[in-house]
Amino acid sequence: MVGILERKAQAKLAEALSRRSHFNKDEVLKLLTMYNALTVGGGNRLERNKFRDVLHNNFDMTDDILMDRVFRAFDKDMDSFLSQDEWVLGLSVFLRGTLEERVGYCFVVYDMNSDGYISREEMFQMLKNSMVKQTTEEDPDEGIKDIVELVLKKMDHDHDNRLSMDDFMKSVKEEDLLLEAFGPCLPNNKSRDQFLADLESGNVEVD
């Protein structure tokens, strides 16, 4: 009896989430099954390290700072866990979001102190984190500062030396390559398509 009630509750939740996301009901049910597998023994709350494993194993993400920020972008109520709703709705934007949804998501990832702006310091920190591993310069900081200035010149439409959501949206609409200007926080096409294909066939890895 309990199993039947649980399945009915899951079906009802899947129906509701399919109306709020870019997934159909069947896809939502499979994502909820994946969520349940990831939260076994965890009281139906997906914790940060398990989520980072998903990002690493399924989407080849390795940058600790960006993976932490992606978690924050999914964790809308900021309780340090992902609920079923946050899991499904976050993946909806992550995998199938409209341009506007993806711009909003990337902005939240890059706005490290959540003050509504991407500051010079935040740009520097993210660019340094992603570029230092690739450079052989003795002092890469100067080169990164130069890049920050170039980015501001191109993207800071209201000239206040920081990027607002409006600046970011306008810039990405003019040049979509700027969407991930400060580091990769969305899946590449190959890993996204593979995840969706595995989801369709029920073969998504959760370990």
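Let's start with a charge and a ring: Arg-162 places its charged end over the ring of Tyr-117, 3.5 Å from the ring centre. Arg-45 makes a similar arrangement with Phe-81, where the charged end lies over the ring at 3.6 Å from its centre. Everything described here comes from a predicted model, so please read the distances and angles as computed values.

**The overall layout**

The protein chain contains ten helices and four strands. Read from the N terminus, the order of elements is α-α-β-α-α-β-α-α-β-α-α-β-α-α. The C-alpha trace spans about 65 × 35 × 30 Å along its principal axes. The chain has 207 residues, and 42% of them count as buried.

**Aromatic rings**

Rings are a good place to look next. The whole structure gives eleven aromatic pairs. One of them joins Phe-74 and Phe-94, an edge-to-face pair with 6.0 Å between the centres and 70° between the planes. This pair bridges distant parts of the chain, since Phe-74 belongs to helix H4 (residues 64-74) and Phe-94 to helix H5 (residues 84-96), 20 residues apart. Are these two rings buried or exposed? Phe-74 is buried, at 2% relative accessibility, and Phe-94 is buried as well, with a relative accessible area of 2%.

Another pair is made by Tyr-110 and Phe-182: the ring centres are 5.3 Å apart and the planes stand at 90°, so this pair is edge-to-face. Here too the contact links distant parts of the chain, with Tyr-110 in helix H6 and Phe-182 in the loop between H9 and helix H10 (189-201), 72 residues apart. Both Tyr-110 and Phe-182 are buried.

Phe-74 and Phe-94 also take part in a wider group. Together with Phe-51, Phe-59, Phe-71, Tyr-105 and Phe-195, they form one aromatic cluster.

**Salt bridges**

How many salt bridges does the structure hold? There are 14, and three of them are set out below.

| Salt bridge | Closest N to O distance |
|---|---|
| Arg-19 and Glu-15 | 3.5 Å |
| Glu-100 and Lys-173 | 3.4 Å |
| Arg-192 and Asp-193 | 3.3 Å |

The bridge between Arg-19 and Glu-15 stays within one element: both residues lie in helix H1 (residues 2-20), four residues apart, which is about one turn of the helix. Arg-19 counts as exposed, at 63% relative accessibility, while Glu-15 is partly exposed, at 32%. These two residues do not stand by themselves, for Glu-15, Arg-19 and Lys-25 are linked in a network of salt bridges.

Now to the bridge between the side chains of Glu-100 and Lys-173, with 3.4 Å from N to O. Glu-100 sits in helix H6 (residues 99-110) and Lys-173 in helix H9 (residues 165-174), so this pair ties together parts that are 73 residues apart in sequence. Glu-100 is partly exposed, with a relative accessible area of 41%, and Lys-173 is exposed, at 51%. The cut-off matters for that label: exposed means over 50%.

In the bridge between Arg-192 and Asp-193, the closest N and O atoms are 3.3 Å apart. Arg-192 counts as partly exposed, at 24% relative accessibility, and Asp-193 also counts as partly exposed, at 42%.

**A closer look at helix H2**

Helix H2 (residues 25-38) has 14 residues, and the distance from its first C-alpha to its last is 20 Å, close to the 20 Å expected at 1.5 Å a residue. Which residues of H2 are buried? They are Glu-27, Val-28, Leu-31, Leu-32, Met-34, Tyr-35 and Leu-38. Viewed down the axis of H2, these buried residues fall within an arc of 160°, so they line one face of the helix.

The N-terminal end of H2 has a cap, provided by Asn-24: one of its side-chain oxygens lies 3.1 Å from the backbone nitrogen of Asp-26. Lys-25, a residue of H2 (residues 25-38), is also the residue linked with Glu-15 and Arg-19 in the salt-bridge network.

Conventions: Residues numbered from 1 in each chain as written. Predicted model: local features only at pLDDT ≥ 70, side-chain atom pairs only at ≥ 80, totals over all residues. Heavy atoms only, no water. Salt bridge = Lys/Arg side-chain N within 4 Å of Asp/Glu carboxyl O. Helix = DSSP H or I, 4+ residues; strand = E, 2+ residues; numbered from the N terminus. Buried < 20%, exposed > 50% of the residue type's maximum accessible area, 1.4 Å probe, protein only. Expected span 1.5 Å × (residues − 1). Arc of directions from axis to C-beta. Polar contact = N/O pair within 3.5 Å; in protein donor to acceptor, adjacent residues only side chain to side chain. Phe/Tyr/Trp six-rings, centres within 6.5 Å; stacked < 30°, edge-to-face > 60°. Lys NZ or Arg CZ within 6 Å of the ring centre and 35° of its normal.
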